[in-house]
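Biologist: Could you walk me through this model, one spot at a time? I will ask, and you can reason aloud.

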Amino acid sequence: MFIDGANLYAAARGLGFDIDYKRLLEVFAGRGRLIRAFYYTALIENEEYSPIRPLVDWLDYNGYTMVTKPTKEFTDAFGRRKIKGNMDIELAIDVMEMSEHVEHIIIFSGDGDFRRLVEAVQRKGVRVSVVSTMRSSPPMVADELRRQADNFIELQDLMAHISRARTEGQQGAAAAQMKDVAENLENTQEEIAEVA
């Protein structure tokens with residue numbers, strides 16, 4: 001398994017759920033002989049606290065092989081501060097190296113830049129599955145990557161098996177938020193009725 005962390009996070013967010021990485025590992029380990037589960041992410045090194053650091057540490061201790069690098073900061077042509085942390089090369093190199101030792105590779109990314117990587121690995125006789133989503137708006141998977149893969153797995157179809165369960169507090173907060181939305185909608189409808 002090769003997980004483009006930023007891409008998978010964006011895809012899951014686009015579908016409205018959080019991934020339980022323990023369950024994710026269990027689901028795919030239960031479907032065959034899992035050799036490695038690589039997780040790729042860039043880290044902001046110079047900040048005192050990085051919100052992704054606890055996840056990275058947890059994954060590192062719980063069965064994932066972490067591949068990280070520091071982000072690069074630059075200023076664009078308009079003078080805006082930008083942060084870059086692309087992990088495509090690291091993922092591609094690891095896929096090519098591991099392709100000598102496996103029969104099936106699963107890439108968690110919808111990035112069309114991986115199409116040529118998938119094609120190269122397939123020429124070595126390795127099957128490639130891509131996990132991403134077409135059901136977000138906009139779709140997170142590039143059409144050319146989906147077409148090249150031997151198998152496309154829709155992330156939303158995995159949601160019941162890999163999503164993180166909401167705590168009672170989160171469910172209560174969501175219910176309170178929905179109640180507020182319903183009340184606001186009712187008030188708006190009353191105001192429209194008074195004007196009409």
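Biologist: Happy to start with Ser132: leaving aside neighbours within four places in sequence, which residues is Ser132 in contact with?

Modeller: This is a predicted model, where local features need pLDDT of at least 70, side-chain atom pairs count only at pLDDT 80 or more, and totals for chains, interfaces and linings use all residues. Residues are numbered from 1 along each chain as its sequence is written, and side-chain values use heavy atoms, with hydrogens and water left out. Ser132 is found in strand E7, where strands (E, at least two residues) and helices (H or I, at least four) are DSSP runs numbered from the N terminus. Counting heavy atoms within 4.5 Å as contact, the partners of Ser132 are Asn7, Ser109, Gly110, Met140, Val141, Phe152, Ile153, Glu154 and Leu155.

Biologist: What is the relative accessible area of Ser132?

Modeller: Buried means under 20% relative accessible area, exposed over 50% and partly exposed in between, using a 1.4 Å probe and protein chains only. Ser132 is buried, and its value is 1%.

Biologist: Glu154 is on that partner list; with which side chain does the side chain of Glu154 make a polar contact?

Modeller: Glu154 is found in strand E8 and is buried, at 6% relative accessible area. Beyond four places in sequence, Glu154 touches Leu15, Ser132, Thr133, Met134 and Arg135. A polar contact is a pair of N or O atoms within 3.5 Å; within protein, one must be able to donate a hydrogen and the other to accept it, and residues adjacent in sequence count only if both atoms are side-chain atoms. At 2.4 Å, the side-chain partner of Glu154 is Thr133.

Biologist: And at the start of H7, which backbone nitrogen does a side-chain oxygen of Glu154 reach?

Modeller: Helix H7 covers residues 155-162. The side-chain oxygen of Glu154 comes to within 3.2 Å of the backbone nitrogen of Gln156.

Biologist: Why are the buried residues of H7 on the same side of the helix?

Modeller: The residues concerned are Leu155, Leu158 and Ile162. They pack against helix H1 (5-15), helix H2 (21-29), strand E7 (127-132) and strand E8 (151-154). The arc is that of the directions from the helix axis to the C-beta atoms. These residues sit on the same side of H7 because they cover an arc of only 60 degrees.

Biologist: Let us turn to a helix pair: at what angle do the axes of H4 and H5 cross?

Modeller: Leu91, Ala92, Val95 and Met96 in H4 meet Leu117, Ala120 and Val121 in H5. Axes are lines fitted to C-alpha atoms, for helices over the stretch in contact, and angles run from 0 to 180 degrees between N-to-C directions. The axes of H4 (residues 88-98) and H5 (residues 115-123) come within 10 Å and cross at roughly 5 degrees. H4 is therefore roughly parallel to H5, a term for angles under 35 degrees, and the crossing angle is roughly 5 degrees.

Biologist: Is Gly125 buried or exposed?

Modeller: Gly125 follows H5 and has a positive phi, near 90 degrees. Gly125 is found in the loop between H5 and E7. With 60% relative accessibility, Gly125 is exposed.

Biologist: One last peptide bond: which residue does a cis peptide bond join to Ser137?

Modeller: Most peptide bonds are trans. Here omega is about 0 degrees, and the proline involved lies in the loop between E7 and helix H6 (143-148). The residue joined to Ser137 is Pro138.

Key:
Parallel < 35°, antiparallel > 145°, perpendicular 65-115°, else oblique.
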